[in-house]
Amino acid sequence: MSDGFDRAPEQTRPPRAPPSSQDNSPQQNSESTMAKPQVVAAPVLMSKLSVNAPEFYPSSYSSNYTESYEDGCEDYPTLSEYVQDFLNHLTEQPGSFETEIEQFAETLNGWVTTDDALQELVELIYQQATSIPNFSYMGARLCNYLSHHLTISPQSGNFRQLLLQRCRTEYEVKDQAAKGDEVTRKRFHAFVLFLGELYLNLEIKGTNGQVTRADILQVGLRELLNALFSNPMDDNLICAVKLLKLTGSVLEDAWKEKGKIDMEEIIQRIENVVLDANCSRDVKQMLLKLVELRSSNWGRVHATSTYREATPENDPNYFMNEPTFYTSDGVPFTAADPDYQEKYQELLEREDFFPDYEENGTDLSGGGDPYLDDIDDEMDPEIEEAYEKFCLESERKRKQ
């Protein structure tokens, strides 16, 4: 056996002879058995893994930032690279804001010591907040924190003042941007939504310690809405809807405190757009839903309703979302009707209730319904126009 293994290095994959029915000697079987280890024999590879190896990071993870963050900004040649790396890291991991923002601000206080450096910092954050859709909220929070924790305050203005100046530059071209090409409008919409987030998150501390919002942003948002509704293209109107969903309740409260009726004027503007503008049907539905949202106090519930369970007696909207059924005579009824149980039981006992259809809508008859097949999902233009007028008229009557 030892001779067989000694010869193995001299052989390089010896050809394997086909089995022969005439030669079944034990000696041949023994040699064949000894030849098998030649195939699996291989040099043992030593692992290069080590417990002292550097920590692994996925390719999408900003490991450079993590390593450099522990040592401050020493590994970054410029302020721009350090700030941009932190912004990218915050975009990928927004949950790290609370734990890392303090160290970031301390590092900036040691680096941002000139007017130019502060201006560069403002521009980097502004570009990130208006070019990355999901960063507008985080960018506004970052701006609020830095406005209270950056120590530099040059003659050209502190961080908050320079930020508002940068926003004003974009604000001054709002009318041209709202009617510009698609790329220009898209950039303008990003600015509008970022300004909305700034209005909600940028806190200004008064001399008595009270915290208020920037009135200049409130005025700016009103004018931006005017620019969007004055150019009622679909994407402009969609941007206006997003802005009002984001800030509508806060804006209306602030205007009411000052005795203004700006929100009433905006709602009237929306109703005029729905009736007159050549926007798509989907956008008109979005605008009508926004009017409905505002009529429900922006979806806010009164504090008193949280102390008791909603019932038909104490909640006028208790049956609002209940389905409507019809009797055999075509009379509609809902759960709010006194004889609901009797009518609903009669409905269930009707023999022709959903004939030839399962619960999931599968046709059991084997063929389609020629009448149902001819039904068009699109609403008739006249019916659609009448429905929109009905919604607007209902809203006007509710106000009166």
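In this predicted model, Asn-297 sits in the loop that runs between α15 (281–295) and β3 (325–326). The phi of Asn-297 is near 60 degrees. That value is positive, in a residue other than glycine. Asn-297 has 32% relative accessibility and counts as partly exposed, because the partly exposed class lies between 20% and 50%. Trp-298 belongs to the loop between α15 and β3 as well. Its phi is also positive, at about 60 degrees, although Trp-298 is not a glycine. Trp-298 has a relative accessible area of 10%. Trp-298 is therefore buried, since the cut-off for burial is under 20%.

The loop belongs to a protein with 18 helices and four strands. The protein has 400 residues, and 32% of them are buried. The exposed surface comes to about 26,500 Å². Carbon and sulfur atoms supply 50% of that surface. Contacts were also sorted by separation in sequence. Among those with a separation of 6 or more, 64% join residues 24 or more positions apart.

Nonpolar side chains tend to be buried together in soluble globular proteins. In this model, the largest nonpolar core holds 78 residues. Seven members touch the most other members: Leu-108, Leu-121, Leu-146, Phe-159, Leu-198, Phe-229 and Ile-270. Helix α13 (residues 234–257) gives the largest share of this core, with 10 residues. Ile-270 shows how such a member is surrounded. Setting aside residues up to four places away in sequence, Ile-270 touches Phe-229, Leu-244, Leu-287, Leu-290 and Val-291. One of these partners, Phe-229, is itself among the core members that touch the most others.

Helix α13 was then examined for its geometry. It has 24 residues, so at 1.5 Å a residue it should span 34 Å. The C-alpha atoms at its ends are 32 Å apart, which agrees. The helix does have a kink of about 65 degrees, centred on Thr-247. After α13 comes Gly-259, with a positive phi near 75 degrees.

Helix α11 (residues 182–201) has 20 residues. From its first C-alpha to its last it reaches 29 Å. This is close to the 28 Å expected at 1.5 Å a residue. Its buried residues include the aromatic names Phe-188, Phe-191, Phe-194 and Tyr-199. Arg-185, His-189, Glu-197 and Asn-201 are also on the buried list of α11. So is Leu-198, one of the core members that touch the most others. An α-helix has 3.6 residues a turn, so residues three or four places apart point the same way. Several helices help to cover the buried residues of α11, among them α7, α8 (136–149) and α9 (159–171). The cover also includes α10 (174–178), α12 (215–230) and α13.

Helix α7 (residues 115–131) contains Gln-128. Is this glutamine buried or exposed? At 7% relative accessibility, Gln-128 counts as buried, because the limit is under 20%. The side chain of Gln-128 makes two polar contacts described here. One is with the side chain of Gln-84, at 3.0 Å. Another is with the side chain of Thr-91, at 3.0 Å. Beyond its neighbours within four places in sequence, Gln-128 is in contact with Gln-84, Leu-87, Asn-88, Thr-91 and Phe-135.

How values were computed: Residues numbered from 1 in each chain as written. Predicted model: local features only at pLDDT ≥ 70, side-chain atom pairs only at ≥ 80, totals over all residues. Heavy atoms only, no water. Helix = DSSP H or I, 4+ residues; strand = E, 2+ residues; numbered from the N terminus. Buried < 20%, exposed > 50% of the residue type's maximum accessible area, 1.4 Å probe, protein only. Contact = heavy atoms within 4.5 Å. Areas by Shrake-Rupley, 256 points an atom, 1.4 Å probe, with all protein chains shown as cover. Core = buried A, V, L, I, M, F, W, Y, C linked by side-chain atoms within 4.5 Å. Polar contact = N/O pair within 3.5 Å; in protein donor to acceptor, adjacent residues only side chain to side chain. Expected span 1.5 Å × (residues − 1). Bend = angle between axes of the 7 residues up to and from the residue.
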